[in-house]
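Q: Please take a close look at how one pair of neighbouring helices is arranged in this predicted model, and then set that part beside the other features that bear on it.

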Amino acid sequence: MGEKRLPKWYFGGMASAGAACFTHPLDLIKVQLQTQQENKVSVFRLVGNIVKNDGLFSLYNGISASLLRQLTYSTARFGIYEIAKEHLSSHGEKVSFGNRVLIAGMAGAAGGVVGTPADLVNVRMQNDMKLPREQRRNYKNAIDGLWRVAREEGPIKMFNGASAATTRAVFMTIGQLSFYDLFKDFLLSTSYFTDNSTTHFLSSLGAGGVATTLTQPLDVLKTRAMNAKPGEFKGLMDIAIYTAKLGPLGFFKGYVPAFIRLAPHTILTFMILEQLTESFGVLHSPNH
């Protein structure tokens, strides 16, 4: 009787939330860079200003929303991807890269919709410290933020930026999940690598680079949409035109901190996921 360890549907959300505990300050810096129109403040100056004005722990502003986002967004996309991939492979055929891209895209779309409310609160909480004190929203935590958005602005407002967030999530999931599998399969096909931490690290590093490049323009638009004041923009195209005033590189604003944030987050997520799978994965089935 053969045995095969597989990730449970919720492992991806748990792994992503664990990774977010380490990478949240980088995400906060990325959001603040993306929401400034003038290109005057460097990463180091921005960090210095944040710590000077609001203290060291302000780098973790919005951590509750970040965790809630991962537990909704990433649980959905990882869960759908793994379940669909296992269903296709249950017939004894290897799942092609094209099918993995398709599955990842659909999983990302579902995760993007599910995760938008927490993502909106996350962006607002991270960007709050840039505002004058009398204009700050001062959400106590993610749940308080969701409740106040629904009460003060209406439930529909919680899905502000959903189109950009969902499109971004499609490309993010393709870049992370399908390319992680691609890089991992390639490394394992050589005689130099085995299924160990080195292979997991290199595969996730490559996936993080692909995901950052695919999603950065959409991430900029999503961040601006979620942080916009009522009536500031007519729609996503209006935000794109506004961003284009900075030139083509305006759509890649914050790319370096985005990669510096996303690469470690991707690496930690997959390293944690592989360990969860190894230690607690489901034992399958007599046909393997």
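A: In this predicted model, the axis of helix α3, residues 63-89, comes within 8 Å of the axis of helix α4, residues 97-127, and the two cross at roughly 170 degrees. Since angles over 145 degrees count as roughly antiparallel, α3 is therefore roughly antiparallel to α4. The residues that make up the contact of α3 with α4 comprise 16 nonpolar, nine polar and five charged ones.

A second pair, α6 and helix α7 (residues 197-227), can be described in the same terms: their axes come within 7 Å and cross at roughly 170 degrees, so α6 and α7 are likewise roughly antiparallel to each other. Sorted by class, the contact of α6 with α7 holds 17 nonpolar, nine polar and four charged residues.

Both α3 and α4 also appear in the description of the largest nonpolar core, which has 15 residues, and in which Phe-78, Tyr-81, Leu-177, Phe-270 and Leu-273 touch the most other members. The elements that contribute two or more residues to this core are α1 (11-34), α3, α4, α6 (162-189) and α9 (255-280), and of these α6 gives the most, with four residues.

Beyond α4 comes the loop between α4 and α5 (142-153), where Gln-135 is found. With a relative accessibility of 45%, Gln-135 counts as partly exposed, because the partly exposed class runs between the 20% and 50% limits. Measured in sequence terms rather than in space, Gln-135 and Ala-207 are 72 residues apart, while their C-alpha atoms are 39 Å apart.

Asn-138 lies in that loop between α4 and α5 as well, and at 48% relative accessibility Asn-138 also counts as partly exposed. The backbone of Asn-138 deserves a separate remark, as its phi is near 55 degrees, a positive value in a residue other than glycine. Most residues other than glycine have a negative phi.

There remains the second largest pocket, which holds about 320 Å³ of space. It is lined by 13 residues, of which Thr-35, Asn-127, Asn-227, Lys-229 and Glu-232 are the closest to its centre. By class, the lining of this pocket divides into four nonpolar, four polar and five charged residues.

Note on methods
Residues are numbered from 1 along each chain as its sequence is written. This is a predicted model: local features need pLDDT of at least 70, side-chain atom pairs count only at pLDDT 80 or more; totals for chains, interfaces and linings use all residues. Side-chain values use heavy atoms; hydrogens and water are left out. On a 1 Å grid over the protein atoms alone, a cavity is a set of points where a 1.4 Å probe fits but cannot get out, and a pocket is an open set with protein on both sides within 12 Å along at least five of seven lines; lining residues have an atom within 4 Å of a point. Grid points are joined across faces, edges and corners, and a volume is the space filled by probe spheres set on the points. Ala, Val, Leu, Ile, Met, Phe, Trp, Tyr, Cys and Pro count as nonpolar, Asp, Glu, Lys and Arg as charged, and the others, Gly among them, as polar. Axes are lines fitted to C-alpha atoms, for helices over the stretch in contact, and angles run from 0 to 180 degrees between N-to-C directions. Angles under 35 degrees count as roughly parallel, over 145 as roughly antiparallel, 65 to 115 as roughly perpendicular and the rest as oblique. Buried means under 20% relative accessible area, exposed over 50%, partly exposed in between (1.4 Å probe, protein chains only). A nonpolar core is a set of buried Ala, Val, Leu, Ile, Met, Phe, Trp, Tyr and Cys residues joined through side-chain atoms within 4.5 Å.
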